[in-house]
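Thanks for coming. I will walk through one structure this morning, and I will keep to what can be read from it. Please have a look at it before I start.

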Amino acid sequence: RVGQPYSPQIRDTEGRLNNHGFNNDCVVDLIGGSDERDARFTGNDQFTSKLLFVADNDLVKFCSEMGDNMSIHCVGAIANHLAVTKSTDYDELKTAFGESICHSPKGKQNNVCSLLRRIIPNRWGLVGNTQIADTSGAPPMWKTLFAAKDQSVTYFVAASDDKEWIENTLLSLNRSTACIGYNVARPWKKLAFQLCDRVNGPAATMKTVNTVIKKDSKIHGYNTDGIGLITAISKVRDLQGTTVVLLGAGGGAQTVPYYLFKAGTRRMFIYDVIQERAQALCNDWTCTVETFNSGRGDFNALVVVNKDTLLDVLGEADVLINATPCGMRGYSVLNPLGLDEQNAINPSCLIAEMVYNPEITPLLAFGKERGNLILPGVFMLAEQAARSFELAFGTLNEDDLVVMRESVQRYVL
C-alpha cells in the first residue's frame, strides 16, 4: 500500500482510489519491478515505500491468515482495490476480511465497517418474478432518477419464480449493510411483508408491502401502490363524491380502497374474476370505509359486483381503474372487459391503468377513441416510485416526476 493521508494525486483512471475518508491508501498494481515503482513514487517524501501485492484469488486466504495483524490502513488498501475491480458487495468484502472484521476489537471493527460503508455504493433494487426482467420499466426509471439526483446508488434486479430463492434473497438483502432497501413486485409482496420488523400505514392491514427500507437496524415495510395511483388520479380528476369501479383485487389493489375513500370517493364497486378475492378485499376495508363515510349517510359504500351486475355499474362510474395484469406486455389476456362492457362505460368516466407496458393498453386505446379521459399506468408508476424514493432518500419535485415518466416512456416504446 501507499500510505499517509496527503496523497490526493494517487488515483485510478476514474479518480476512485482516494475519495475522502479512505485515508488515501490504495493498492498499486505494478506489473514492472522496482524501477517502475521508483519512477512513480521517488521524490515525494509523503509516501512510504511499502507496496502490497496480493492476487485477487488469494485475498480470502491472505486476510484470514493476517487476522488482527491487519491495520485499518491495510484493510482500506484492499477495500479500495476490490472497489476498483468492482467487487463491491459489502458481504463479499466482509467474508474476504474474515476474522479481521468479524472478531476484531469493538473499536477497530466499527472503524473498518464504517470505512467499507463509505467505499461501497449504496444498493436499491427490485424483487419480483422472472417476467419483470423483460417487462419492468422500473429499473431504467430508477437509474435515470439516481443519475439526475446525483445519487451514488447501485440498482439491482432480483427476479425468480422460486419462492425459496426469493425468500433467501430477501433475507440476504435485509442483512446486507450496503442495501438501503428495495421495491417488491408481484407475486412476492405478502412474502416481503412477513419478513419485515415493522409495517407502516394501511400496508399493515393488508399484510402486503411493495417497499422495504432499513431504518434504525429495523426492516420497515410500506405499500405505495395505492397512494401512487390516487395521487396520479387526483391530479386530473377531483375524487370528492365520485363513484369508482375497480377491476382486480390482487396485490396492486390492496390499499386502493383506503386511499380512494380518504380522498373523498363516495362509492366503490370491486370486480374480480375470482369472486372470493374481491369479497376479501371488500371485507378488509368495510369498517375503515364506514369511518370515512361517517356523517355522509352513505351505506354499502364498498360493494362487490359479479359479471352480470358489472354492466350496470360501469355506466355510473366516474373513474374506472384497471388493477389486473390484462393488457400487460407478455400477458395472454389483452383486455379486462368484453366489448359489451367497454361500450357500457360512462362517456365522462376517467379510465386509469396500473399497467404501464405498453403505455397505451387496449383498454386505454378504446377509451381514447371514444373520447374518455385516460390516465396511462406510467403516471401511477412514477408516483408510487416517488413515494418510495421520499421514504428512503428525500423529497422530489414535479420536474423529477417528468424525468421518471419520460425514462419509462422511452423504455416501453
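Where is glutamate 359 found? Glutamate 359 sits in the loop between β11 (350-353) and α17 (362-370). Before I go further, please keep in mind that this is a predicted model.

I start with this residue for a reason of charge. Side chains of opposite charge can pair when their charged atoms come close. Glutamate 359 is buried yet has no salt bridge. The nearest side chain of opposite charge is that of arginine 405, and the distance is 7.9 Å. A salt bridge would need a nitrogen within 4 Å of a carboxyl oxygen. What the side chain of glutamate 359 does make is a polar contact with the side chain of glutamine 409, at 3.1 Å. Leaving out residues up to four places away in sequence, glutamate 359 touches Leu364, Pro376, Val378, Gln409 and Val412.

In the loop between β11 and α17 there is also proline 358. The peptide bond leading from asparagine 357 to proline 358 is cis, with omega near 10°. Another cis bond runs from arginine 186 to proline 187, with omega near 5°. Proline 187 belongs to the loop between β3 (179-184) and α10 (189-194).

Now a step back to the whole protein. It has 19 helices and twelve strands. Of its 413 residues, 52% are buried. If we take contacts between residues at least 6 apart in sequence, 68% of them join residues at least 24 apart.

Next, the strands. Six of them form an open sheet with mixed pairing, in the order β2-β1-β3-β5-β6-β4. Its edge strands are β2 and β4 (198-199), each of which pairs on one side only. Strand β1 (residues 122-128) runs parallel to β2, and seven bridges join the two. Within that pairing, valine 127 stands opposite alanine 158 in β2.

Elsewhere, strand β7 (residues 243-247) and β8 run parallel and are joined by five bridges. One of the partnerships here is leucine 246 with isoleucine 270 in β8. Together with helix α13 (residues 256-262), β7 and β8 make a right-handed β-α-β unit. β8 also pairs in the parallel sense with strand β9 (residues 302-304), over three bridges. There, isoleucine 270 stands opposite valine 304. So isoleucine 270 has leucine 246 as a bridge partner and valine 304 opposite it in β9. How many of the five residues of strand β8 (residues 267-271) are buried? Four are, so the strand is largely enclosed by the rest of the structure.

Among the helices, I would pick out α12 (residues 225-234). Eight of its ten residues are buried, and the helix is mostly covered. The buried ones include Asp225, Gly226 and Gly228. Against what do the buried residues of α12 pack? They pack against α10, α13, β10 (319-322), β11, β12 (374-375) and α18 (377-392).

Just past that helix we come to the salt bridges. The count is nine. Glutamate 383 pairs with lysine 235, their closest N and O atoms being 2.6 Å apart. Glutamate 383 is in helix α18 and lysine 235 in the loop between α12 and β7, 148 residues apart. Glutamate 383 is buried, at 3% relative accessibility, while lysine 235 is partly exposed, at 47%. Glutamate 398 also forms a salt bridge with lysine 235, with closest N and O atoms 3.1 Å apart. Glutamate 398 lies in helix α19 (residues 398-412), so this pair ties together parts that are 163 residues apart in sequence.

A further salt bridge, 3.4 Å from N to O, joins glutamate 390 and arginine 387. Both lie in helix α18, three residues apart, about one turn of the helix. Through shared partners, salt bridges join Lys235, Glu383, Arg387, Glu390, Glu398 and Arg405 into one network. Arginine 405 was the residue named earlier, 7.9 Å from glutamate 359.

Last, two backbone angles. Most residues other than glycine have a negative phi, and most peptide bonds are trans. Aspartate 150 has a positive phi, near 55°, and lies in the loop between α8 (138-148) and β2 (153-159). Aspartate 216 also has a phi near 55°, and its loop is the one between β5 (211-215) and β6 (218-222). Are these aspartates buried or exposed? Aspartate 150 is exposed, with a relative accessible area of 72%, and aspartate 216 is exposed at 71%.

That is all I have.

Key
Residues numbered from 1 in each chain as written. Predicted model: local features only at pLDDT ≥ 70, side-chain atom pairs only at ≥ 80, totals over all residues. Heavy atoms only, no water. Buried < 20%, exposed > 50% of the residue type's maximum accessible area, 1.4 Å probe, protein only. Pairing = 2+ DSSP bridges. Right-handed = clockwise from strand over helix to strand, strands pointing away. Lys, Arg positive; Asp, Glu negative; His and termini not counted. Polar contact = N/O pair within 3.5 Å; in protein donor to acceptor, adjacent residues only side chain to side chain. Contact = heavy atoms within 4.5 Å.
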